[in-house]
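This report describes the fold of one protein chain, beginning with the pairing of its strands and ending with its surface.

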Amino acid sequence: MTCSPAFQPVAPGDTPVLLYVNGTPLHVPARISVAAALLAYIDAPPWHRSAVSHRPRAPYCLMGACFECVARIDGEPGRRTCLTSVRDGMQVDLGAPHETR
Ligand code: FES
């Protein structure tokens, strides 16, 4: 019996995109979400900290429902990284206290 994986890697021919994560450059494949890029390519710090308990938070649902993946992207706080596609030159700031738009 042959099985094929449920998920396939991004086509290797894609031109990588350069993100800056807390100021550190990171090359990731194009056409993926910021959350996917961070989960796959770095040992990311907490995305943010709970406003109540101040405990670290990170992506949970990966479909836009839980808001556990919010981060500051290009200076805009409260962006859901699981719904945001990577873009060349994007600035992603993780680990800040919970911020709202
Ligand atoms: S991981 Fe749940 S909203 Fe992004």
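## Pairing around β5

In this predicted model, β5 and β7 are paired in the antiparallel sense through two bridges, and within that pairing I73 stands opposite V92 of β7. β5 also pairs with β6, again in the antiparallel sense but over three bridges, where A71 is set opposite R79 of β6.

A further pairing involves β7, which spans residues 91–93 and runs parallel to β1, the two being joined over two bridges. Here the residue that stands opposite Q91 of β7 is Y20.

## The five-stranded sheet

These pairings belong to an open sheet of five strands, whose order is β2-β1-β7-β5-β6 and whose pairing is mixed. β2 and β6 form its edges, since each of them pairs on one side only, and neighbouring strands are turned against each other by 40° on average when direction is ignored.

The sheet is contacted by α1, which lies across β1, β2, β5 and β7 and runs at about 100° to β2. As a general point on such sheets, side chains in a regular strand alternate between the two faces.

## Order of elements along the chain

Taken as a whole, the chain contains one helix and eight strands, and from the N terminus the elements follow the order β-β-α-β-β-β-β-β-β. Among contacts between residues at least 6 apart in sequence, 40% join residues that are at least 24 apart.

## The nonpolar core

Which residues of the largest nonpolar core touch the most other members? The core has 20 residues, and those with the most contacts to other members are L19, V28, V34, L38, V86 and L94. Two or more residues are contributed by each of β1 (17–21), β2 (24–28), α1 (34–41) and β5 (70–73), and the greatest contribution is that of α1, which supplies four residues.

The helix that lies across β1, β2, β5 and β7 is thus also the element that gives the most to this core. In soluble globular proteins, nonpolar side chains tend to be buried together.

## Two residues with positive phi

D74 has a phi near 50°, a positive value in a residue other than glycine, and its place is the loop between β5 and β6 (76–80). The hairpin formed by β5 and β6 has two residues between the strands, and it is in this hairpin that D74 takes its positive phi. Why does D74 count as partly exposed? Its relative accessibility is 37%, and the partly exposed class lies between the limits of 20% and 50%, so D74 falls within that class.

F67 likewise has a positive phi although it is not glycine, in this case near 60°, and it is located in the loop between β4 (56–57) and β5. With a relative accessible area of 40%, F67 is partly exposed.

## Burial and surface

How much of the chain counts as buried? Of its 101 residues, 34% do so, the criterion being a relative accessible area under 20%. The area that the chain exposes comes to about 6500 Å², and carbon and sulfur atoms supply 56% of this surface.

Terms used
Residues numbered from 1 in each chain as written. Predicted model: local features only at pLDDT ≥ 70, side-chain atom pairs only at ≥ 80, totals over all residues. Heavy atoms only, no water. Buried < 20%, exposed > 50% of the residue type's maximum accessible area, 1.4 Å probe, protein only. Contact = heavy atoms within 4.5 Å. Areas by Shrake-Rupley, 256 points an atom, 1.4 Å probe, with all protein chains shown as cover. Core = buried A, V, L, I, M, F, W, Y, C linked by side-chain atoms within 4.5 Å. Pairing = 2+ DSSP bridges. Axes fitted to C-alpha atoms, helices over the stretch in contact; angles between N-to-C directions.
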